[in-house]
Structure formats: C-alpha cells, structure tokens
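Trainee: I would like to learn how to read the features of a protein model, taking them slowly and one by one. Could you guide me through an example?

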Amino acid sequence: MIMCALDRRKFVKKTALGAAGSTVLGSCSTEESSVDQNSSVSGPEVSWRITTSFPPSVDMLSGAADMLAHRVGQMTNGKFRIRVFAAGEIVPALQVMDAVQSGTVQAGHTSDYYYIGKNSALAFGTSIPFGFNSRQQTAWLTQGGGQALLREVHSDFGIMHFHFVNTGAQFGGWFREPIGSLNDLRGLRMRIPGLAGEIMSRLGVTVQVLGAADIYPALERGAIDATEWVGPYDDEKLGFHEIAKNYYIPGWWEPGPSTAFQVNRTAWDELPVQYREILASAVSEVNLVTLARYDGENPRVLKRLVEDHDVIVREFPNDVLEEAWKESNSYLREQSSVNPDFRKIYESWNAFRNESFPYFAGNESVYAQFAFPKT
C-alpha cells in the first residue's frame, strides 16, 4: 500500500480535493512507497505525453517529470501511462505552455514566468523579485489562496495549473568579471528570464532569454557576459564554472521559485476523478522529494566548485541590491495599475509578504544569523 502512517484512500482524498496541487506535509519518499499490486484501481487505460522545458543534463529538474510518471503508473497499476519528452523533443524549451494549450501534449513541466508575454501575472507562478523563500511560497500557494488565483489566470489559456518542483533559494548567477558596483551592470549582456529580466533591464543590463541547452554555447562564444540558472547542483551540470568563475549571491529574483505542472483543461476534464486525485498526489510528492534533494546536494556541490574549480562566491554590492529592490517594487505597482489579473494576485501576494517577512525576520533570522556561521 502507499502509506506513511496514512490510509492510502484517505491520503489520496485529503491531498487532492479542493486545492489539488497542495504540497503534502508528510514523510513519504519514492524509495519507501510501493503499490499493493492486489489493490483495485478502477478506470480505463489512459496514455499521456508530457513535455518539459528542461534537458536531461539537469537531471533533478528533468527527472521530476519522470518521477511523476513513474508514481502515477504505480498508483494506477499501470493503467495511467505517461511518456515524458525533454526540451526540444516535441517543442522548444520555451514553448511548453503553447503545446499544452493547443493540446499537442496533455501536460507540461515548465516555469510560468517564461510566458509573461501572454500575461504578466503568470510570473507569480514561479517567483517574484524579493519574494518568498520556498516555505513562504508553498504557504502562500496552499494557505494564502495563491494557487486558486493562478488557476484563474491559466484558465484563460485552457490550462489546469499545479505548482510543482521548488528548487529552493537560487543563486545570483555566473559572471565573467566581478561586479564592483551598480555601474558595472550597465551594458552587461545576461541571460535572465521573467520579471528579473525586466528589473535587470532597468538596471542597464541587456537581457536575453535562453533555454538551458543554449546557455553554455552563448557564454562560451561571448554572446553573453553572465547567466543565471538555478544553483550549484544544476549549474555544475551545465558547466558554467568552466567559463565564468564569479558566482554571485543572493538570487534576489528567485528566493524560492516553483516550477509549474500545466495540464490541458480538456485532458484534465476527461480524466476519471480517481486519476485526477492520483495525479495531484503524485505532483505533491515529487515536489516534496525534489526540494529535499536540492537541499541535500547543493551544499556538497558548492564546496566542490570552490575547492576544485576555483570558483569565487561573491555577494552583490549593496547598491545593486538597493536599486533592484526599488525597481522591483516600482514594477509591481506599475503592472498592478495596468493589468487587473496582476493586481488581483499582487494584492494577495503582497498582503502575505507583509505578514510573513516580519515573522521570518524575527525568530528564524536571528537563529540563522547566529548559528549558521558557526560551522
């Protein structure tokens, strides 16, 4: 049975009804879970295709869809089969949402902020500059109404939306040359998507949006001077440290970003209710497991990058952070004045931030400032 001291049927029901994409607060792992092959799963044979925005080289991100497909297959005794396609196999990395919307595939694993050209409010599905860490992001989405608001926006595109894998706090990226002040950003060519790209542009950066597979060649041939991706584990896989040695913190634009699991609405509506519940539960489980994997792997990889590859971890100068903070909040207010969808979500998001930030700045921050530097 699929159990973590919970009855399987209760587990599926509780995690899927209402906010079907809510994170499961439990201790299940894919290694510990298995299916009772004698259990009865009623339902038809269903075959889906999922395309992702991520190449196999970033195995944690791309592997999330594979893990999802595996768990759904387990929980349906093989009746609900999902085949996963990496970026570029069906559509390019930045066209996943289009493929889901058109029905080319039934679902996609991507990042909502790749598509802010469709609606700037989609950025909230990934991360907002100077926004939430991973715990706050999950809390806002599941307890603060964020997921329901995002689903309203996605419904305009015929998509059922789930928040999916959260990577934890991301790094500020790789730079060929050190950044000594705000002036050093002016004229810099950087790969950086989402609202962060808008803010960096306001700071004088020439912004490019590239899929993962295209970043290294652009950095290598000098088409860009800097890039951000995720963090040590993924970034090492993509080899950025071979070219740029200055690794900046913090990734103020993505302090706790969620990726998205987007489902074609017609395909979702055609699923038996039991399959919907199983799919929603698998999304939650993979999210939980993958974030734990990132938190386990990133410290080890960062140590290796510094000790074996001469990478220098640097902090953004204070004037960069202050100007980015000012421009970020200005942009949020501007978008709220012109986009009703953006304003509706921003009001929820900002109210949650105004409560959450002071709390985290207290007990948890004081502890971290004292204890973390001790080792």
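Trainee: Across which strands does helix α5 lie, and at about what angle does it run to β4?

Mentor: Before I answer, please note that this is a predicted model, in which local features need pLDDT of at least 70 and side-chain atom pairs count only at pLDDT 80 or more, while totals for chains, interfaces and linings use all residues. Residues are numbered from 1 along each chain as its sequence is written, and side-chain values use heavy atoms, with hydrogens and water left out. Helices (H or I, at least four residues) and strands (E, at least two) are DSSP runs, numbered from the N terminus. Contact means heavy atoms within 4.5 Å, and axes are lines fitted to C-alpha atoms, for helices over the stretch in contact, with angles from 0 to 180 degrees between N-to-C directions. Helix α5, residues 146–155, lies across β4 and β10, and runs at about 130 degrees to β4.

Trainee: Which strands does helix α2 lie across?

Mentor: Helix α2, residues 59–75, lies across β1 (46–52), β2, β3 (107–110), β4 and β10, and its direction is at about 165 degrees to β2.

Trainee: How is a sheet read, and what is the order of the five strands in the open sheet here?

Mentor: Strands of a sheet pair through backbone hydrogen bonds, either parallel or antiparallel. Two strands are said to pair if DSSP finds at least two bridges between them. In this model, an open sheet of five strands follows the order β2-β1-β3-β10-β4, with mixed pairing. Its edge strands are β2 (80–85) and β4 (159–166), each of which pairs on one side only, and the twist averages 25 degrees from one strand to the next. Strand β10, residues 258–264, is joined to β4 by six bridges, and these two strands run antiparallel; there, Ile159 stands opposite Asn264 in β10.

Trainee: Which strands stand at the edges of the six-stranded sheet, and why is one side of each left without a neighbour?

Mentor: The six strands form an open sheet in the order β7-β6-β8-β5-β9-β11, again with mixed pairing. β7 (206–208) and β11 (312–315) stand at the edges, and each has a single partner strand, so one side of each has no neighbour in the sheet. Further in, β5 (residues 173–175) is joined to β9 by three bridges and the two run antiparallel, with Tyr247 in β9 as the bridge partner of Trp174. Strand β9, residues 246–249, has four bridges to β11, and this pair runs parallel. Across that pair, Tyr248 has Arg314 as its bridge partner, and Ile249 has Glu315.

Trainee: Is Glu327 buried or exposed?

Mentor: Buried means under 20% relative accessible area, exposed over 50%, and partly exposed in between (1.4 Å probe, protein chains only). Glu327, in helix α11 (residues 318–338), counts as buried because its relative accessibility is 16%. Leaving aside neighbours within four places in sequence, Glu327 is in contact with Ile199, Arg202 and Leu203. By comparison, Gln208 in strand β7 counts as partly exposed, because its relative accessibility is 26%. Of the 375 residues of the protein, 56% count as buried.

Trainee: How is empty space found, and how many cavities of 30 Å³ or more does the structure hold?

Mentor: Rolling a probe the size of a water molecule over the atoms shows where empty space is left. On a 1 Å grid over the protein atoms alone, a cavity is a set of points where a 1.4 Å probe fits but cannot get out, whereas a pocket is an open set with protein on both sides within 12 Å along at least five of seven lines; lining residues have an atom within 4 Å of a point. Grid points are joined across faces, edges and corners, and a volume is the space filled by probe spheres set on the points. The structure holds two such cavities, and about 120 Å³ of space lies in the largest cavity. That cavity is lined by 16 residues, with Ser111, Tyr113, Gln170, Val230 and Glu254 nearest its centre.

Trainee: What is the volume of the largest pocket?

Mentor: The largest pocket has a volume of about 1,300 Å³. Its lining has 31 residues, of which Asn133, Ala169, Pro250, Pro255 and Phe372 lie nearest its centre, and the largest share, six residues, comes from α10.
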